[in-house]
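Q: I'd like to take a close look at one part of this protein before I go back to the bench. Could you walk me through it and then show me what else stands out in the model?

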Amino acid sequence: MATRDGALARAASSFDSGAFKALLSRLVAIPSSSQDPGSEAALEDYLDSGVRPWLESLGFGVAIHPNPLEGFGPILTGARIEDPARPTILLYGHGDTVRGLEDQWRPGLLPWALTEEGDRWYGRGTADNKGQHALNLSALEAVIAERGGKLGFNVKLVLEMAEERGSKGLREFVAAHAGELAADALIASDGPRVDPAVPTIATGTRGTYHFDLVVKLRDGGVHSGHWGGLTTDPAVLLAHAISTMMDRNGKILVRDWLPRNGVPAEVRGVLAGCPVGGGGGEGAATIDPDWGEPGLTAAEKIYGWNSLIILAMVSGRPENPVNAVAPDARAHCQIRYTVDSDTEGFEASLRRHLDAHGLEAVTIENAFVRMAASRTAPDHPWVRWAQASMERSLGKAVQIIPNSSGGLPGDVFVDHLGVPLVWVPHSYNGCKQHGPDEHLLIAPAREGLLAFTGMWWDLGEAGTPG
């Protein structure tokens, strides 16, 4: 007789046999970087030969659509409808990756080949996001096999190939296909757990706001001996501008950028006791307790607050300095923000702030929201249902956070489909996604497979949120 334990055993056996590793190896081998020119064929190949046959073998009807915006990767949709009266879940993932950065990986590792070392699988996309959506689909496979070809609920899937370029075109696509994508909830995976050992549910994501600070004073550099000490140095003005925006310890000084009413009580409550860790080994980033907003816990800083990051800054040519006062200086800045923030006022607030500090020469250019923030209430019935299911499968506590620290296009699905968001990440902060040596930890990946197998099983039973 088909049982929940039987489905979990099937999933564990498949993982332990090496079948999932072999599957992920095939997906990683497709160099589907949406950030590299000339990758269009690989983006199509990932969907058409990497994923479509697998989905069709699981009973999905599959279609691959051109992106509504020219120059961005295609979008796959799939549907497996058993009974319209049963719950319908929307799965999301992305098969595109950042650049391979082949020359930066350490000896013995390659971006487009899965390599196992110790407790890790290395390869581009293992953590972001091929490994994560592959685990969720593998869990479906285990439940279908245990139930003799049935699921007991309905699944729809959106798999995009432009997430690493800001999910361009996804909003337009979902708006145009809202009827066929309608679902009761989005349950999907991306991003990191709060700690490698702690299963996590995120109910949204922080957004990303970008802008350039620019100081342009003249058309060309001038001799540093003849003009140094006489003419304004744009690099110094830029440095002072940044120092007025954030203090020595990382506290944001443009206070209109912050969540309007501080950390909401429901956010503070769900983050009480929430761990933050797992940066990953020697030479990795550290959690510096004195950095950031005073009076907040580490969890509140990255899940309930905003951060300012200087992504790049330049004046002159650092790789080949000349004896000249540079003509200009530029910094590209990013704000990671929660839904409690007023992004429409960000640029005007900064302009007032710079002017108040006598920095009228510093201009703001190219200000825009790259990905909007999103959040489902942490106590939403679908969130609590998922937490209970996961805890039953894993035999351990599951941490809920109000939003992950990174960005994802959850707002698109909230705005056009009205679905609650249940993000269940399978990675961790030290996975080195977006850099060389990206990897997926094997043990959390196995837990993720079991967690989703249990949820897929439970969706076919009574007791799902109405």
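By class, how many nonpolar, polar and charged residues does the lining of the largest cavity have?

A: Happy to. Please keep in mind throughout that this is a predicted model. By class, the lining of the largest cavity has five nonpolar residues, three polar ones and one charged one. The residues themselves are D190, G191, P192, A202, T205, S404, L408, W423 and P425. If you sort them, the nonpolar group is made up of P192, A202, L408, W423 and P425, the polar group of G191, T205 and S404, and the charged residue is D190. The volume of this cavity is about 30 Å³. With 30 Å³ or more as the cut-off, the count for the model comes to one cavity.

One of the lining residues, W423, gives us a way to move on along the chain. Strand β18 spans residues 421–423, and the loop between β18 and β19 holds two residues with an unusual backbone. K432 is in that loop, and its phi is near 65 degrees, a positive value in a residue other than glycine. H434 lies in the loop between β18 and β19 as well, with a phi near 75 degrees, again positive in a residue that is not glycine. For context, most residues other than glycine have a negative phi. Both side chains have some access to the outside: K432 is partly exposed at a relative accessible area of 41%, and H434 counts as partly exposed at 45%.

The loop leads into β19, which belongs to an open sheet of three strands in the order β4-β5-β19, with antiparallel pairing. Here β4 (115–117) and β19 (439–441) stand at the edges; each has a single partner strand, so one side of each is left without a neighbour in the sheet. From one strand to the next, the twist averages 25 degrees. Three bridges pair β4 with β5 (residues 120–122) in the antiparallel sense, and within that pairing E117 has R120 of β5 as its bridge partner. Past β5 there is a further backbone feature to look for: the peptide bond joining D128 and N129 is cis, with omega at about 5 degrees. N129 is in the loop between β5 and α4 (130–146). Most peptide bonds, by contrast, are trans.

Now for the other sheet, an open one in which four strands run in the order β12-β14-β10-β15, with antiparallel pairing. Its edge strands are β12 (307–315) and β15, each of which pairs on one side only. The twist here averages 15 degrees from strand to strand. Inside the sheet, β10 (residues 207–216) has nine of its ten residues buried, so this strand is largely enclosed by the rest of the structure. Ten bridges join β10 to the antiparallel strand β14, where Y209 stands opposite I335. On its other side, six bridges join β10 to β15 (residues 363–371), and these two strands also run antiparallel. Two bridge pairs to pick out there are D212 with E365 of β15 and V214 with T363 of β15.

If you follow β14 (328–337) to its end, you reach T338, in the loop between that strand and α11 (346–356). T338 is buried, with a relative accessible area of 0%. T338 and A372 are 34 residues apart in sequence, and their C-alpha atoms are 8.8 Å apart in space.

Strand β10 also brings us to the interior of the protein. The largest nonpolar core has 125 residues, and those with the most contacts inside it are F211, L213, W257 and W456. The largest share of this core, ten residues, comes from helix α14 (residues 442–459). By residue number, F211 and L213 fall within β10, while W456 falls within α14.

Technical notes
Residues are numbered from 1 along each chain as its sequence is written. This is a predicted model: local features need pLDDT of at least 70, side-chain atom pairs count only at pLDDT 80 or more; totals for chains, interfaces and linings use all residues. Side-chain values use heavy atoms; hydrogens and water are left out. A nonpolar core is a set of buried Ala, Val, Leu, Ile, Met, Phe, Trp, Tyr and Cys residues joined through side-chain atoms within 4.5 Å. Buried means under 20% relative accessible area, exposed over 50%, partly exposed in between (1.4 Å probe, protein chains only). On a 1 Å grid over the protein atoms alone, a cavity is a set of points where a 1.4 Å probe fits but cannot get out, and a pocket is an open set with protein on both sides within 12 Å along at least five of seven lines; lining residues have an atom within 4 Å of a point. Grid points are joined across faces, edges and corners, and a volume is the space filled by probe spheres set on the points. Two strands pair if DSSP finds at least two bridges between them. Axes are lines fitted to C-alpha atoms, for helices over the stretch in contact, and angles run from 0 to 180 degrees between N-to-C directions.
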